[in-house]
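Thank you all for making time this morning. I would like to walk through one structure with you, moving between its strands, its cysteines and one loop residue, so please keep the view open while I talk.

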Amino acid sequence: MERDEDMPAAPGKPVSHRRVGRRRMLGWTAVSVAAAAVGGGALLRRPAAGEAGPVARTVAPSGATQAAVAGHSHGAPPPESPTPSPLDLTGRRWSDAGGWGGTVPGPRTAVRIADRVLLDTDATVASLLVEPGGSLVFAPGSSVTLASAGNVEVRGTLALVPDDGAVHALRFPSVGERTFVGGGMGVVGTDTGLWVTGAGRLRLDGAAKTAWVRAARPLKAGDTALELAAVPAGWRAGDELAVAPTGPPSEDGFSTRYDLCTIRRVDGRTVTLAEPLAHAHPRVAVGGGVTAGAEVLNLTRSVRIEGTAKGRAHVHLTSSRQAEIRHAALRWLGPRRAGKERWNGEPVTEPVLGRYGLHFHMLADSSRGTVVEGVVVRDTGSHAFVPHASHGITFRSCISHDTWEDAYWWDGPLDTRTPQAPSDDIVYESCVASRTVYEPAPRGYRLTGFALGAGTGGIARDCVAVGVQGAEGASGFEWPETSEGVWTFERCLAHNNLQNGIFVWLNARHHHTVTQFVAYHNGASGIEHGAYLNDFDYTAGVLYGNAAAGVTVHALGRDAGTVLDGLLVDAAGQSDHAIVTAKHQLAGTTVTIGRCRLTGYRKAGIAFRATADGQPDDIAVLDCSFDGKAGGTEVWLDPDSPPPTRIVLRRAGERQAVRLTKPAAGAAAGPWNAATAPVDVDGPPRAVAVPAIRLKDVAAPTSRLPA
């Protein structure tokens, strides 16, 4: 299990300076000391009002590095404010050679900024440090790119806030993933990326746009126009889209049939593509008021932080100041390195500890109030969004696409006996985990789009998990083992995942509620519920066309018992059973299946299949309706299962309940492969409750920060 532990600093060294490369040390040592020419270079000073003045130093040619330092100051950082302070555009221009002592920084320059600098031109540097009190602001009206061969560390302010029509990019074009060390709290010289430390301020705020919207019509292979369910605000010609798969699990490649395409034109709700779709993306009438079209994800933003496909960087935040991160596209982040394992004779890679797409690292309450809106993390080799031991962060209308490892995640426990460190009050609103993968794919056990980990006050609402790959136990949404969090979970959707929609493997101390959940066309179960004992309420959900079952039940109840209430489970001819029980590791309290409508199954609505090496079934089926395919029966007791502790059945519309047991030796079994006898149950009959769900067909709106 990965874990990002604090690593102690060397004695006498500040934590943030534990590892510093030779090149960086050469560039940043004693630069403000006046001196004559040194080693063939010249030290120049240009005073500025109230400051020691910008200083540029050229190191001897053998150093292969030039350092540029501007307006060094040791003033305190500005006080924090609940609202963003306006950008200061009064700084000197990057292109002004005089501000650097006569030479504009170049590709071999380690740049150090302590005054105000406006990036008004494309620039390439060896590395960058923005000191406390210093700022680097990209010119809002210009499309500019800063490329850095090494780390960019922000202790002051870094702001990429382009005007509409402009693009701001921070790129790391020469990352060496093999040199990464990983872990710890401080900057590591070899681990190239964006570091926001101390009281550093990071402001990323591109043009606002609709993050995703569903197709309003079925899409066919060869289509060049998409009719959407809503007008996509801010979409432009040239934007890149990903169209999610929606086909049934009986089709080959049902979880990977994405289309990546480019916008040619936008006319209201109609988007014309530059190339035809390669795959069909049908709309799916799942029932309960839900007809779902394919999600169309916009992957383009006007603020971009990027490594390269062969050299992935990362974003690491330990600043005590709230980050302001909106409408940015983070690409080719999350480095990987050679692991110790081999698969089929070939070496496999593993993620670098602590080097993720967007990583809030152990900020505790300092991160409260942080909002991450409209951000895309894509093509990334490790976790996309990581609020690790950082509380009170809201992720709204964010997209993870084509990323490795669990997409929305924070560090898990060291082992199954150690609780996970919590992140409290984390909100995922209208977020998407799309195409989450693992290496090697057959070892992707319990891979998930959203790991709903330890903490209190968590909310997952109107989120989508699609195209999650992986092996046994993989899922769109997971309540992971030894990582119990208390979540409000409502109106979320999981579809076309290779395995499950929801996977629970939790011995819970708390009562959990999952409401208005929709799962369709997943390759295993809509809900796979374990592990040993817990209390969950699944209410008013729809499970449609999942290949193994709508629900697979491993766990029995802990105290009040798990309840499936008012579910519409439509196997849609994809599975033999709507609900199936599996191995119960421990004896517990009753699981109640009540007021559900079970339909579309091939053999039986509910199959009781507790295994002989576990505990017997303890299930009450009350007031459910059954409508399977021709020849299907309501329930079925597997002859290989042990005699049940208790199976009670009262069908919808009936007053009398019956108890199912294994038939006596030599006795003929009834239609349910069971013997039956009348039994009394608590409570009068109730009507089947058919869900009425209104999923949102468009991402929650986002906006830019005040100017």
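Let me begin with a question: how many bridges join β6 to strand β9, and do the two run parallel or antiparallel? Before I answer, please keep in mind that what we are looking at is a predicted model. The answer is that β6 and β9, the latter covering residues 135–138, are joined by four bridges and run parallel. If you want a pair of residues to look for, Arg116 stands opposite Ser135 in β9. On the β4 side, strand β4 (residues 92–93) pairs with β6 (residues 116–119), again in the parallel sense, over two bridges, and here Arg92 has Val117 of β6 as its bridge partner. As general background, the strands of a sheet pair through backbone hydrogen bonds, and this can happen in a parallel or an antiparallel way.

Stepping back to the chain as a whole, we find one helix and 61 strands. Of the 707 residues in the protein chain, 58% are buried, and the chain exposes about 25,900 Å², with carbon and sulfur atoms supplying 52% of that area. If we take the contacts between residues at least 6 apart in sequence, 73% of them join residues that are at least 24 apart.

Next, I would like to turn to a sheet further along the chain. Eight strands form an open sheet with parallel pairing, and their order is β38-β41-β44-β47-β50-β53-β56-β58. The edges are taken by β38 (448–451) and β58 (633–637), and because each of these has a single partner strand, one side of each is left without a neighbour in the sheet. From one strand to the next, the twist averages 10°.

Within this sheet, I will dwell on β44, which covers residues 500–505 and pairs in the parallel sense with β41 (residues 475–479) over four bridges. In that pairing, Ile502 of β44 is the bridge partner of Phe477. Strand β44 is also joined by four bridges to β47 (residues 525–530), and these two run parallel as well, with Gly530 in β47 as the bridge partner of Trp505. Six of the six residues of β44 are buried, and so this strand is largely enclosed by the rest of the structure.

Now for the cysteines, where we can ask how many disulfides the structure holds. The count is zero. Cys431, for instance, is in no disulfide, and the nearest cysteine sulfur, which belongs to Cys398, lies 4.6 Å away. Cys431 has 0% relative accessibility and therefore counts as buried. A second case is Cys624, whose sulfur is 4.5 Å from the closest cysteine sulfur, in Cys596, and because that is too far for a bond, the two are not joined. With a relative accessibility of 1%, Cys624 counts as buried too.

Finally, where is Thr590 found? Thr590 sits in the loop between β53 (577–581) and β54 (591–594). Its side chain makes a polar contact with the side chain of Asp618, at 2.9 Å. If we set aside the neighbours within four places in sequence, Thr590 is in contact with Gly561, Thr562, Asp618, Ile619, Ala620 and Arg646, and I would suggest we leave the view on this residue while we discuss.

Definitions and conventions: Residues are numbered from 1 along each chain as its sequence is written. This is a predicted model: local features need pLDDT of at least 70, side-chain atom pairs count only at pLDDT 80 or more; totals for chains, interfaces and linings use all residues. Side-chain values use heavy atoms; hydrogens and water are left out. A polar contact is a pair of N or O atoms within 3.5 Å; within protein, one must be able to donate a hydrogen and the other to accept it, and residues adjacent in sequence count only if both atoms are side-chain atoms. Contact means heavy atoms within 4.5 Å. Buried means under 20% relative accessible area, exposed over 50%, partly exposed in between (1.4 Å probe, protein chains only). Accessible areas come from the Shrake-Rupley method with a 1.4 Å probe; for residues, only the protein chains shown count as cover. A disulfide is a pair of cysteine sulfur atoms within 2.5 Å. Two strands pair if DSSP finds at least two bridges between them. Axes are lines fitted to C-alpha atoms, for helices over the stretch in contact, and angles run from 0 to 180 degrees between N-to-C directions.
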